Amino acid sequence: MVLMHTLVQACLRGVPSEVETIARDEDLAPHAAARTVARGRIVIPANPVRPHRLCAIGEGCRVRVNVNVGTSGVRCDEDLEVEKAKTALREGADTLMDLSTAGDLARIRRRILELDAPVGTVPVYEAVRRAGSAADVDADLLFNVIREHCEQGVDFLTLHCGVNLDALASLKADPRVMGVVSRGGAFHVAMMAATGEENPLYAEYDYLLEILAEHDVVASLGDGMRPGALVDAGRLAKSTEYLTLGHLAKRALAAGVQRMIEGPGHIPADQIGCNVRMLKELTDSAPLYLLGPLVTDVAPGYDHLVGAIGGVIACMNGADFLCMVSPSEHLALPEIRDIVEGTRAARIAAHVGSLSRAAARTKNREIRMAEARQALDWEKQFELALIPDEARRIHERDSGLETCSMCGDLCAVKMMREILPLPEEHLEP
């Protein structure tokens, strides 16, 4: 049964208030935005249970940034994870994901959900903790956890529906150096290996869609077969999952469920474009959510920069949503400083990606920065900067100068300002 109160269904009948809000925020025509939501090319993660500021992801919108937080079995500090989430929002993150795997998971999630942002989770993590091992997770437990997350107010769920027996067969037929690096993907592989049965999220996909439609929660169709190393980027399992996600994306939209697609992990820079375009084509331009992509494996400690490079290329080819990669990726659980640096790098990548999408507000900001630099207006430059406090801190190391201390009295901008007048279209009225 298709429930008729989801945002997708509402957009077929008119312009819901949520769409009015995001249309103003993104400089979109409201009716056009509603049509785009109905076509599945924009998602608005907004569980009706919990009010928070809205965020649109997809076609015609600015590139958005997600930040992951969460406890682990090795380091379980609930207060620290909440502070990391607050730090991410202060640094400009648009959404949060709680990936906690230790402690009181419901309480941790409740505290993250108190923050003013869309929040996502990966329900299979909690299912594994409750069962004791991935091999012991059954369909009833997994669906019960999914329903609980929806009822608690989670806005989007990463669901590894494409990790099915076909994908596992492809993995065996074309082995990879690193096998499966997605934690959720590995859990589902372990479940199938233990039982010989299909992934319940794939086998009972229609039931899953009923739960999501009932709560108007966005399905983030997870990339459980993403390559975890560049050497594995061309292997078969990834492409098998892509095809499955294409079919599942269409079925979700037909059921009135918003969905976005995750992918594709570690990919050489020259392969990012074709992978992004393939995912967009297979899913009828569903919003695409990426971790990275990471374009080299040999820069541990700087993977936030590696991910930002891959993110820009991905956005130039149509990606919509970037997940922060921290400097501690592959090394350790992030500290507060890692969250700051990773979020800043992802925000810069998202801004550059938005420029490639002809986002008017983003380009206007660039024009105003050029004008502020020409005028040597430092306060305006700090106001327009993506990370204003850091820009101010660096400039004020040599305080009191009209110019920067790099050029000093040999400032080219100051010299040219005296020789060449500013074009009329940039003169103050």
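Which residues form a negative surface patch? Here the patch is made by Asp136, Asp138, Asp140 and Glu204. Keep in mind that this is a predicted model. Besides the patch, there's a pocket of about 1100 Å³ to look at, a set of 30 salt bridges, and a few spots where the backbone does something out of the ordinary, such as the cis bond from Gly263 to Pro264.

**Surface charge**
- The negative patch brings together three aspartates, Asp136, Asp138 and Asp140, with Glu204.
- To find Asp136, go to the loop that runs between helix 6 (123–131) and helix 7 (139–152).

**The largest pocket**
- Rolling a probe the size of a water molecule over the atoms shows where empty space is left.
- In this model, the largest pocket holds about 1100 Å³ of space.
- Its lining counts 43 residues, and those closest to the pocket's centre are Asn68, Leu99, Arg183, Arg226 and Glu329.
- Four elements each give two or more residues to that lining: strand 3 (64–69), helix 4 (78–90), helix 9 (183–195) and strand 9 (288–291).
- Which element gives the largest share of the lining? That's strand 9, with three residues.

**Salt bridges**
- Side chains of opposite charge can pair when their charged atoms come close.
- Searching the whole structure turns up 30 salt bridges.
- One of them pairs the side chains of Glu214 and Arg147, at 3.0 Å from N to O.
- Glu214 sits in helix 11 (residues 205–215) and Arg147 in helix 7, so this pair ties together parts that are 67 residues apart in sequence.

**Backbone oddities**
- Most residues other than glycine have a negative phi, and most peptide bonds are trans.
- Going from Gly263 to Pro264, though, the peptide bond is cis, with omega near -25°.
- Look for Pro264 in the loop between strand 8 (259–262) and helix 13 (269–282).
- Another cis peptide bond links Gly292 to Pro293, and its omega is about 0°.
- Pro293 belongs to the loop between strand 9 and helix 14 (303–316).
- Asp284 isn't a glycine, yet its phi is positive, at about 55°.
- You'll find Asp284 in the loop that goes between helix 13 and strand 9.

Terms used
Residues are numbered from 1 along each chain as its sequence is written. This is a predicted model: local features need pLDDT of at least 70, side-chain atom pairs count only at pLDDT 80 or more; totals for chains, interfaces and linings use all residues. Side-chain values use heavy atoms; hydrogens and water are left out. Patches are made of residues with over 30% relative accessible area and no salt bridge: like charges are joined within 9 Å, nonpolar side chains (Val, Leu, Ile, Met, Phe, Trp, Tyr) within 5 Å. Accessible areas come from the Shrake-Rupley method with a 1.4 Å probe; for residues, only the protein chains shown count as cover. A salt bridge is a side-chain nitrogen of Lys or Arg within 4 Å of a carboxyl oxygen of Asp or Glu. Lys and Arg count as positive and Asp and Glu as negative; His and the chain ends are not counted. The place of a charge is taken as NZ of Lys, CZ of Arg, CG of Asp or CD of Glu. On a 1 Å grid over the protein atoms alone, a cavity is a set of points where a 1.4 Å probe fits but cannot get out, and a pocket is an open set with protein on both sides within 12 Å along at least five of seven lines; lining residues have an atom within 4 Å of a point. Grid points are joined across faces, edges and corners, and a volume is the space filled by probe spheres set on the points.
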